[in-house]
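Colleague: I'd like a close look at one part of this model, with the side chains in view. Could you walk me through the charged pairs?

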Amino acid sequence: VHVLRASPVKPTGKLIVDFLLRHPAFDGLGIGKAKAARLWAEFGPDLHGALSKGDVGRLTQVLPGEVAQKLVDAWHSVTEEASVVSFLDQHGFDLRLANKVRAVWPKNTLAKLNDNPYRMLAFASWEKVDRAARSLGVIEHDSRRHVAAVEAFLYRRLDAKHTLTPRAMLLAG
């Protein structure tokens, strides 16, 4: 591994908190903004792990026992969606994108994103998607990256109302 630059980034947990607040599976549990924020403050990035492991004992540090158990049960009922939210949160994507990705690929979403993270180009900018892909270990000369770079460049050209791109311009881009 060769690191050119690194800096610590504090995760916000916004997607996990928003997921708890907005997903219908969590309706009626009494988890509002304040409790969701307290859960994040108590567990931070480990909130996903505590919910996934069903660690009711730890969750009772913030929630009553019955609510903690119901939250774990609801979390397990939406495990695939919750994993996608956590994955996208770790890579700096916003809730709007998480909802779109989950809608397009409701099954095996993480496998699809890990197989080719550039699938997210349909929803996000080249810069953001490439940064996520590189953090997943995609190397500079990976064929998936090359195909995605061409696709992203052509999307930019199309957004600028160009329907024809000369080969030399494409290669330069």
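Colleague: Let's zoom in on one acidic residue: does D130 count as buried or exposed, and at what relative accessibility?

Modeller: Keep in mind that this is a predicted model. D130 counts as buried, because its relative accessibility is 9%, and the cut-off for buried is under 20%. The side chain of D130 meets that of R145 in a salt bridge, at 2.8 Å from N to O. That pair links distant parts of the chain: D130 sits in helix α9 (residues 126-135) and R145 in helix α10 (residues 143-159), with their positions 15 residues apart. R145 counts as buried too, at 16% relative accessibility, so both partners fall under that 20% cut-off.

For context, the structure holds five salt bridges, and two others are worth setting beside this one. Take E66 and K70, whose side chains meet in a salt bridge at 3.1 Å, N to O. Both lie in helix α5 (residues 65-77), four residues apart, which is about one turn of the helix. Here E66 is exposed, with a relative accessible area of 57%, while K70 is partly exposed at 41%.

Then there's D115, which forms a salt bridge with R119; their closest N and O atoms are 3.8 Å apart. That still counts, because the cut-off is within 4 Å. D115 is partly exposed at 46% relative accessibility, and R119 is also partly exposed, at 32%.

Key
Residues are numbered from 1 along each chain as its sequence is written. This is a predicted model: local features need pLDDT of at least 70, side-chain atom pairs count only at pLDDT 80 or more; totals for chains, interfaces and linings use all residues. Side-chain values use heavy atoms; hydrogens and water are left out. Helices (H or I, at least four residues) and strands (E, at least two) are DSSP runs, numbered from the N terminus. Buried means under 20% relative accessible area, exposed over 50%, partly exposed in between (1.4 Å probe, protein chains only).
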